[in-house]
Structure formats: C-alpha cells, structure tokens
Amino acid sequence: RELVKKLAVEVKQELGVVTLLVNNAGIVSGKKILDVPDGLAQKTFEVNCISHIWMLKAFLPDMLAANHGHVVTVASQAGQIGVAGLVDYCASKFGAVGLDESLRMELRKSGKTGVKTTCVCPYYINTGMFDGVKSRFPFSLLIYIMEPQYVVDNMISAIRTNQALIMLPPGCYLGGIMRAVLPTAAFDAVTDLMGINSSMDDFKGDSKSFDRTKA
C-alpha cells in the first residue's frame, strides 16, 4: 500500500495525471484449498484483488476531479465460474469482478460518467503462469488457450469502445448464459463435461514467478 502511494506521487511528478489505469497484477498457487499455505492464500488476495483498491485510491481521485479517465480490471474467467483446484484464485478473481461492477455503479450514481470502466475476463493465456493446463476437445474449439497478443488486441479494442465487460475467447459468454438458465446440478455437470474442472489436473505453472511451497 505504501509503495503504491509512493509510486503514484512519482508517476504524477514525472508524467502528470494518469487517465488510464490498468490493474493487471496476478499470481496463482494452483493448489487445492487445503494444500495452499496460509500466507500464500493471503498473498493471492492481496495481489489479485486488494491491490486494486490501493491503486484506485491512488489514481481515481484525479479522474473524478476531471470527470475523465478509464479503469481497466484484468480479472479472469475464474472470476465468473468456479474451477476445481483454483479455490483461492477464483475467490480473489470473483472479488476483482465484483470490485469492477460495484465501481461502475458507484461512478454512475455519483454522475461521473466521464470515468469509464472495463473488466477483462480471459480464459487461460499462454504466458507460462498456467503451464500444464489443458482444454478438452471439441470444446477447445470454442474455449481455447490464447496467445497474449490476441488478448491485448481485444482488450485495447474494448477500452477504445468503452466496453464494460469483455470475455475471451468469445465462447466464454456461453458460461454466463448456462449459469442463468440451467439448474445448479446441470450447470455443474456441463462444466465437468467440458473439462473445466479437470483443466488444472496437470498444472505446473511458472516456477520462476515465486515459490509456491512457502507461506
């Protein structure tokens, strides 16, 4: 939190007022809930969700004063649908999605319509962070592991068009429809059939990012 405050001061001094804030930090343990060290579970929330609050507190006031700006929350499909083996990660990303939606409502209520928000909810991205995950054929034709440039291009397009929510790849929009219309048991069965709950079975992750064995 103190580092964010210091960074905000330095950025404003060197570059001026920030009008585009992209909250994109993220870590993943890739462990079942009872196997996640307490400290790592807490760190997951601090990085994936709580850090967004500190960034908003540091940079949002200037946007509100000018009634101009854009806040981008890079969340995840794991913030839309729960996934076995990602309990702590999903919980943190659900928090990020809720933060974005609540912020949008707060901005509307306060009349700050010049400050826009975009929530980006991608499926797995081929960055190394989720090495070992897999998508099940033929559903992988609709919901597939993406290259970073594809995600970036679509995210930039969403920002330019003030799109409030973007799910990637587009097949992920089906998840919201299924959740809305299917009974819980049927929805759970469909996610199993699609391989969503087995996608983390061979997870390796990026061992260079941080040590998952320590709290």
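In this predicted model, the lining of the largest cavity comprises 5 nonpolar residues, 2 polar residues and 1 charged residue. The residues concerned are Tyr123, Ser135, Arg136, Phe139, Ser140, Ile143, Met194 and Ile196. The volume enclosed by this lining is about 50 Å³, and the structure contains 1 cavity of 30 Å³ or more. In general terms, empty space of this kind is revealed by rolling a probe the size of a water molecule over the atoms.

The nonpolar interior was examined next. The largest nonpolar core consists of 35 residues, and the members that touch the most other members are Val83, Leu86, Tyr124, Phe130 and Met200. At least two residues of this core are supplied by each of strand 2 (69-74), helix 3 (87-109), strand 3 (115-122), helix 4 (148-160) and strand 4 (165-168). A second core, separate from the largest one, has 16 residues, with Leu21, Met55, Leu60 and Leu103 among them.

The surroundings of Val83 illustrate the packing of one of these highly connected members. When residues up to four places away in sequence are not counted, Val83 touches Cys90, Tyr124, Ile196, Asn197, Ser199 and Met200. Of these partners, Tyr124 and Met200 are themselves listed with Val83 among the members touching the most others, while Ile196 also belongs to the lining of the largest cavity.

Two buried polar residues were then considered individually. Asn48 is located in helix 2, which spans residues 38-66. Asn48 is classed as buried because its relative accessibility is 0%, the limit for burial being under 20%. The side chain of Asn48 places a polar atom 2.9 Å from the backbone nitrogen of Ile27. The same side chain forms a polar contact of 3.1 Å with the side chain of Ser92. Beyond neighbours within four places in sequence, the contacts of Asn48 are Ala25, Gly26, Ile27, Tyr89, Ser92, Lys93 and Ala96. Ile27 and Ser92 thus appear both as contacts of Asn48 and as its partners in the polar distances given above.

Thr118 is situated in strand 3. A relative accessible area of 0% is the reason why Thr118 is buried. With residues up to four places away in sequence not counted, Thr118 touches His70, Val71, Val72 and Thr73, together with Asp100, Ala158, Ile159, Gln163, Ala164 and Ile166. Strand 3, in which Thr118 lies, is also one of the elements that supply at least two residues of the largest nonpolar core.

Definitions and conventions: Residues are numbered from 1 along each chain as its sequence is written. This is a predicted model: local features need pLDDT of at least 70, side-chain atom pairs count only at pLDDT 80 or more; totals for chains, interfaces and linings use all residues. Side-chain values use heavy atoms; hydrogens and water are left out. On a 1 Å grid over the protein atoms alone, a cavity is a set of points where a 1.4 Å probe fits but cannot get out, and a pocket is an open set with protein on both sides within 12 Å along at least five of seven lines; lining residues have an atom within 4 Å of a point. Grid points are joined across faces, edges and corners, and a volume is the space filled by probe spheres set on the points. Ala, Val, Leu, Ile, Met, Phe, Trp, Tyr, Cys and Pro count as nonpolar, Asp, Glu, Lys and Arg as charged, and the others, Gly among them, as polar. A nonpolar core is a set of buried Ala, Val, Leu, Ile, Met, Phe, Trp, Tyr and Cys residues joined through side-chain atoms within 4.5 Å. Buried means under 20% relative accessible area, exposed over 50%, partly exposed in between (1.4 Å probe, protein chains only). Helices (H or I, at least four residues) and strands (E, at least two) are DSSP runs, numbered from the N terminus. Contact means heavy atoms within 4.5 Å. A polar contact is a pair of N or O atoms within 3.5 Å; within protein, one must be able to donate a hydrogen and the other to accept it, and residues adjacent in sequence count only if both atoms are side-chain atoms.
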